[in-house]
Amino acid sequence: CIAMNERSREELPVGEQSMDTERVSQLRKLFNDLDYDGNGSISHAELVRALSLCSPGKGRGNAASVLMRSADKDGDGIVSFTEFVSIFDGMKINAEGVSMVRALNHWKFVSSIEVGSELSAAAPQEQGIGANSPKVLKFLFAGGVAGLVSRSFTAPLDRIKIVQQTSQGKDGQSMMQVARTIINNGGFKGFYAGNLVACARVIPFSATICGLYGPLQSYIVQTTGADPDGLFLKSTAGWLAGAGACLVTQPLDVLRA
């Protein structure tokens, strides 16, 4: 066993040879479980076999192709032990090791299979939570701009809704009638009354959700082994990101009120 660990360590890049012996041992065991024919590498067929055993269903060939492309850095069509180890960089592995299902879930997640939702796309996963890298900052900026554009685009409808809900709309005016009234009283810019204050909240809200949603998914997968295709992961990451965004923008809500 010690000799195998040393051989496994020698296969790693120089920068990774100081990796904890127990971690190398656990990863080697997992690698061997996937390496069904024992030839020292993981093939596409072996990935299909593992995916079929852990989650039977259609489309395993396509999923295996995505996993292979994400790990096969040298493009030789197989995954070596060195390439395999790089996939699990940052993943917590306890003394009991890691199950095949959890390992494949993590691999699928870092390969961006079915990651993201209508709420927001997944932020760069390798950055982790609380990162301050240019990629994450750009992602936060994109989220804020998206919130600004969406809020400004729907501002006229929101303005009509507010007018109809207040005393100005008690006479039973239709949407078109309210729209004409707004234009007659203040011109087209009347549709954007109060939009600046609303955007002051929407921009940090959207940016916070975009910034938290992806890293939260990554954290949940790494710590719990949750299925990246499952409802639990997306719903949990979604409500946590939404809660974080509400906490960030709560002072703005108070000011707006």
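Before we start, one definition: when I say helix, I mean a DSSP run of H or I with at least four residues, and helices are numbered from the N terminus. Please also keep in mind, everyone, that we're looking at a predicted model.

With that in hand, let's walk along the chain. From the N terminus on, the elements read α-α-α-α-α-α-α-α-α-α. That comes to 10 helices and 0 strands. The chain has 257 residues, and 41% of them count as buried.

Now a pair of helices. Have a look at α3, residues 44-54, and α4, residues 60-71: their axes come within 9 Å and cross at roughly 125 degrees. That angle makes α3 oblique to α4, because roughly perpendicular stops at 115 degrees and roughly antiparallel needs over 145. As for handedness, the crossing of α3 and α4 is right-handed.

Next, two valines for you to find. Val85 sits in helix α5, which spans residues 81-87. Is Val85 buried or exposed? Its relative accessibility is 3%, so Val85 counts as buried, since the cut-off for buried is under 20%. You can also pick out Val24: its C-alpha atom is 8.3 Å from that of Val85, although the two residues are 61 apart along the chain.

The other valine is Val149, in helix α7, residues 134-165. Val149 has a relative accessible area of 51%, so this one is exposed; the cut-off there is over 50%. And Val149 has company: together with Phe141 and Val145, Val149 forms a nonpolar patch on the surface. The accessible area of those three residues together is about 290 Å².

Thanks, everyone, happy to take questions!

Note on methods. Residues are numbered from 1 along each chain as its sequence is written. This is a predicted model: local features need pLDDT of at least 70, side-chain atom pairs count only at pLDDT 80 or more; totals for chains, interfaces and linings use all residues. Side-chain values use heavy atoms; hydrogens and water are left out. Patches are made of residues with over 30% relative accessible area and no salt bridge: like charges are joined within 9 Å, nonpolar side chains (Val, Leu, Ile, Met, Phe, Trp, Tyr) within 5 Å. Accessible areas come from the Shrake-Rupley method with a 1.4 Å probe; for residues, only the protein chains shown count as cover. A salt bridge is a side-chain nitrogen of Lys or Arg within 4 Å of a carboxyl oxygen of Asp or Glu. Buried means under 20% relative accessible area, exposed over 50%, partly exposed in between (1.4 Å probe, protein chains only). Axes are lines fitted to C-alpha atoms, for helices over the stretch in contact, and angles run from 0 to 180 degrees between N-to-C directions. Angles under 35 degrees count as roughly parallel, over 145 as roughly antiparallel, 65 to 115 as roughly perpendicular and the rest as oblique. A crossing is left-handed if the near helix is turned anticlockwise from the far one by less than a right angle, and right-handed if clockwise.
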